[in-house]
Amino acid sequence: MELYNKILRREAKVGIIGLGYVGLPLAIDVAEVGFTVYGVDTDKAKVAMVNLGQSYIEDVPSEKLSELVSKKKITAFENYKICRDCDVINICVPTPFTKTKDPDISYIIGAGEEISKYLRKEQLIILRSTTFPETTEKILLPILEKTGLKVGVDFYLSFAPERIDPGNKVFTTKNTPVVVGGVTKTCTKLTELFFSQFVEKVVVVSSPKVAEMSKLLENIFRSVNIALVNELALMCERMGNIDVWEVIEAAKTKPFGFMPFYPGPGIGGHCILIDPYYLAWKAREYDFHSNFIELAAQVNENMPFHVLDRLCEILGENGIPLKKAELFIIGAAFKKNVGDTRHSPAIKVMELLHFKVKKINYNDPYVPELKINGKIYRSVKLTATNLARADCVLILTDHDQYDANFILKHSKLILDTRNLIKARGLKKLYTLGRR
Ligand SMILES: NC(=O)c1ccc[n+]([C@@H]2O[C@H](COP(=O)([O-])OP(=O)(O)OC[C@H]3O[C@@H](n4cnc5c(N)ncnc54)[C@H](O)[C@@H]3O)[C@@H](O)[C@H]2O)c1
């Protein structure tokens with residue numbers, strides 16, 4: 001088969017639809033092994049930046065991107081016309097939820113409709129966006145087959161979920177296995193061949209829906225376990241004399257059957273918070289109510305409110321009225337070492353505090369600016385003076401570059417929701433999950 005040989009020889013032209021946290025690193029991986037990559041993004045600014053070799057994703061160095069762009073190994077487009085020239089097309093568009101937390105797969109549908117205008121024989125389409133089971137076969141496939149072309153005969157379609165963990169230096173896109181489920185056996189075979197060109201291990205499953213469900217299981221597993229430790233943290237606070245962080249350190253010495261998860265001010269990002277709702281929504285179609293998913297969401301989404309309650313209590317204990325309080329917030333990103341603020345619990349906490357306190361300053365080396373309830377906040381320097389000026393310092397994201405001793409030394413009062421500061425027995429230091 002011609003397509004098989006083109007992939008094997010790395011002569012296939014590879015399209016990537018959506019050049020965000022998933023699409024841009026994928027473009028690099030694919031181009032680095034010799035393929036020519038054509039990226040498509042509806043965001044003009046991103047297209048322009050890619051073509052200038054300027055990266056906007058922390059894990060993608062601009063030097064690497066510009067080298068591949070100058071060799072014409074990566075080119076970005078605003079228009080889908082280039083899809084006609086592509087042999088393999090990866091769809092990496094967002095899958096958010098609506099205000100009422102129902103799945104919003106309009107980006108997948110939009111991308112599918114655009115691709116279908118240029119669909120031709122001998123093309124492989126791979127959906128990489130996280131979504132509920134049957135999206136590939138019941139939603140994307142009919143859009144593509146409306147062209148009159150037949151899957152498995154004329155063109156090929158698979159689901160291969162992305163597992164990238166931005167900021168993770170140990171597990172990268174190259175050494176994290178990719179799960180592949182094709183609509184037909186040939187679809188699976190071609191997709192397996194494609195990923196095996198740049199990923200160490202490819203895991204084949206029997207269908208796209210198994211691959212779709214496996215991705216949701218992975219993220220729901222995290223959501224449920226984080227909820228469990230968050231609940232344990234609240235329990236330890238209520239019991240008063242057990243430190244949840246010490247408990248987790250002890251439990252994780254068990255070499256089998258336990259995996260540590262940590263409490264915090266809540267969950268965020270584009271995956272752990274959203275994906276469980278995709279499955280809960282789909283399950284309802286079958287009169288199935290997922291108790292674990294809903295319960296985990298309830299516990300995790302309560303955490304920012306709990307942080308607010310603890311802060312009020314701590315300020316009260318120290319004789320500081322909430323509405324006169326000046327706060328210094330450390331960390332705005334949803335997790336450490338990245339600048340992604342989507343659904344960040346730190347931002348939720350700032351929104352809750354915005355009208356309640358006198359002043360908020362924040363620092364995040366990855367997030368220069370933020371909009372909270374319509375007001376623009378700019379990251380201020382993490383200096384001894386700025387820390388000392390605040391009535392309370394609230395640690396919400398534990399970036400590696402934060403110096404715990406420096407923060408401890410210069411702050412009057414601290415609420416640490418991430419256990420960044422390991423010290424104990426200090427009057428001015430309060431930690432989530434212990435009293
Ligand atoms: N961010 C992660 O860590 C991560 C990890 C694994 C899986 N995922 C999944 O991957 C998918 C993409 O996530 P992301 O974090 O890369 O999102 P993102 O928002 O960073 O990137 C998506 C890109 O698609 C573009 N886009 C939107 N609509 C488009 C369209 N119709 N045509 C072309 N481009 C379009 C956007 O402009 C954006 O640049 C989601 O389903 C997400 O759940 C994300």
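Phe355 is exposed, with 8 other C-beta atoms within 10 Å; a residue is called buried if 20 or more other C-beta atoms lie within 10 Å of its own, exposed if 12 or fewer, and partly exposed in between, with C-beta atoms placed from the backbone. The residue sits in the loop between helix H12 (345–354) and strand E10 (359–363), where helices (H or I, at least four residues) and strands (E, at least two) are DSSP runs numbered from the N terminus. Between the C-alpha atoms of Phe355 and Ala333, which are 22 residues apart along the chain, the separation is 21 Å. The model described here is predicted, so local features need pLDDT of at least 70 and side-chain atom pairs count only at pLDDT 80 or more, while totals for chains, interfaces and linings use all residues. Residues are numbered from 1 along each chain as its sequence is written.

Stepping back to the whole chain, the secondary structure comes to 14 helices and 15 strands. The radius of gyration of the chain, 24 Å, is close to the 22 Å that the globule rule gives for 435 residues, so the chain is as compact as a globular protein of that length. That radius is taken over C-alpha atoms, and the rule is 2.2 Å times the number of residues to the power 0.38. The C-alpha trace spans about 75 × 50 × 40 Å along its principal axes. Of the 435 residues in the chain, 45% are buried. Among contacts with a separation of 6 or more, 68% join residues 24 or more positions apart; two residues are in contact if their C-beta atoms, placed from the backbone, lie within 7 Å.

Two domains are assigned, domain 1 (2–206) and domain 2 (240–431), with bounds that come from an automatic or database domain assignment. Their C-alpha centres lie 34 Å apart. Each side supplies residues to the contact: 14 from domain 1 and 14 from domain 2. On the side of domain 1 that touches domain 2, eight residues are nonpolar, three polar and three charged. In this count Ala, Val, Leu, Ile, Met, Phe, Trp, Tyr, Cys and Pro are nonpolar, Asp, Glu, Lys and Arg are charged, and the others, Gly among them, are polar.

The interior offers a good place to look next. The largest nonpolar core has 58 residues, and those with the most contacts inside it are Ala27, Val88 and Ile91. A nonpolar core is a set of buried Ala, Val, Leu, Ile, Met, Phe, Trp, Tyr and Cys residues joined through C-beta atoms within 7 Å. Helix H2 (residues 23–32) gives the most to this core, with six residues. Leaving aside residues up to four places away in sequence, Ala27 touches Ile16, Leu19, Val37, Gly39 and Ile74. Another core, of 37 residues, lies apart from the one around Ala27, and Met303, Leu353, Ile407 and Leu415 are among its members.

Helix H10 (residues 275–284) is mostly covered, with seven of its ten residues buried. These are Asp275, Pro276, Tyr277, Tyr278, Leu279, Ala280 and Lys282. The cover over them includes helix H8 (208–239) and helix H11 (291–317).

Turning to the ligand, 27 residues surround it, and the closest are Gly18, Gly20, Tyr21, Val22 and Ser129. A residue belongs to such surroundings if its C-beta atom, placed from the backbone, lies within 6 Å of the molecule. This shell divides into 13 nonpolar, nine polar and five charged residues. Helix H5 (residues 106–118) provides the largest share, three residues.

Two glutamates have a positive phi in a residue other than glycine: Glu122, near 65 degrees, and Glu134, near 85 degrees. Glu122 is placed in the loop between H5 and strand E5 (123–127) and counts as partly exposed, with 15 C-beta neighbours inside 10 Å. Glu134 is found in the loop between E5 and helix H6 (135–145) and is also partly exposed, with 18 such neighbours inside 10 Å.

Towards the end of the chain, Lys427 lies in the loop between strand E14 (414–416) and strand E15 (429–431). With 7 C-beta neighbours inside 10 Å, Lys427 counts as exposed. Arg435 follows in the segment after E15 and is partly exposed, with 13 other C-beta atoms within 10 Å. Although Arg435 and Gly240 are 195 residues apart along the chain, their C-alpha atoms are separated by 5.2 Å. Not counting residues up to four places away in sequence, Arg435 touches Glu237 and Gly240.
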